[in-house]
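Colleague: I'm new to this one. Could you walk me through how to read its features?

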Amino acid sequence: MNKNSTPSGGEAKLHYGPSGFRVLRAGQFVTCAMSGVQIALEELRYWSVEHQEPYATAQLATERLKP
């Protein structure tokens, strides 16, 4: 394995469902679609199933999902 390769580190790729998410590529964080902030997977609480993107806060999710 390449020393620069980190299979469980870096950004994860997720599939977002209505009551949870599935890890498609292991990682330690995802990036908020609105703010660009890194969100640790343990702290991820807000996402859009329709847009398949994560949000750092409820306020950002609400802003993004406004009609």
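Modeller: Sure, let's go through confidence, the core, a charged pair and some rings.

Colleague: Where do I start, and how high is the mean pLDDT of the chain?

Modeller: Start with confidence, since this is a predicted model. The chain averages a pLDDT of 91, and 88% of its residues reach 70 or more.

Colleague: Over which residues does pLDDT stay under 50?

Modeller: That's residues 1-6. For that stretch, the model has one contact beyond four places in sequence.

Colleague: Okay, now the inside. Which residues make up the largest nonpolar core?

Modeller: The general idea: in soluble globular proteins, nonpolar side chains tend to be buried together. Here the largest such core has twelve residues: A12, L14, Y16, V30, C32, I39, L41, L44, W47, Y55, L60 and A61. Strand β1 (13-16) and helix α1 each supply at least two of them.

Colleague: And charged residues? How many salt bridges does the count come to?

Modeller: Side chains of opposite charge can pair when their charged atoms come close. In this model the count is one salt bridge. R64 pairs with E53, and their closest N and O atoms are 2.6 Å apart. R64 sits in helix α1 (residues 58-65) and E53 in strand β6 (residues 53-55), so the bridge ties together parts eleven residues apart in sequence.

Colleague: Is E53 buried or exposed?

Modeller: E53 counts as buried, because its relative accessible area is 15% and the cut-off for buried is under 20%. Its partner R64 is partly exposed, at 30%.

Colleague: What else is E53 in contact with, leaving aside neighbours within four places in sequence?

Modeller: Besides R64, E53 touches Y16, A33, W47 and S48.

Colleague: Last topic: how do I read ring pairs, and how many aromatic pairs are there?

Modeller: A pair of aromatic rings is described by the distance of the centres and the angle of the planes. The count here comes to two aromatic pairs. One of them is F21 with W47, an edge-to-face pair with 5.5 Å centre to centre and 85° between the planes. F21 belongs to strand β2 (residues 21-25) and W47 to strand β5 (residues 46-48), so this pair ties together parts 26 residues apart in sequence. F21 itself is partly exposed, with a relative accessible area of 29%.

Colleague: Which residues do the ring pairs link into a cluster?

Modeller: Y16, F21 and W47. Try W47 on screen: leaving aside neighbours within four places in sequence, its contacts include Y16, F21, E53 and Y55.

Key:
Residues numbered from 1 in each chain as written. Predicted model: local features only at pLDDT ≥ 70, side-chain atom pairs only at ≥ 80, totals over all residues. Heavy atoms only, no water. pLDDT = per-residue confidence, 0-100. Contact = heavy atoms within 4.5 Å. Salt bridge = Lys/Arg side-chain N within 4 Å of Asp/Glu carboxyl O. Helix = DSSP H or I, 4+ residues; strand = E, 2+ residues; numbered from the N terminus. Buried < 20%, exposed > 50% of the residue type's maximum accessible area, 1.4 Å probe, protein only. Core = buried A, V, L, I, M, F, W, Y, C linked by side-chain atoms within 4.5 Å. Phe/Tyr/Trp six-rings, centres within 6.5 Å; stacked < 30°, edge-to-face > 60°.
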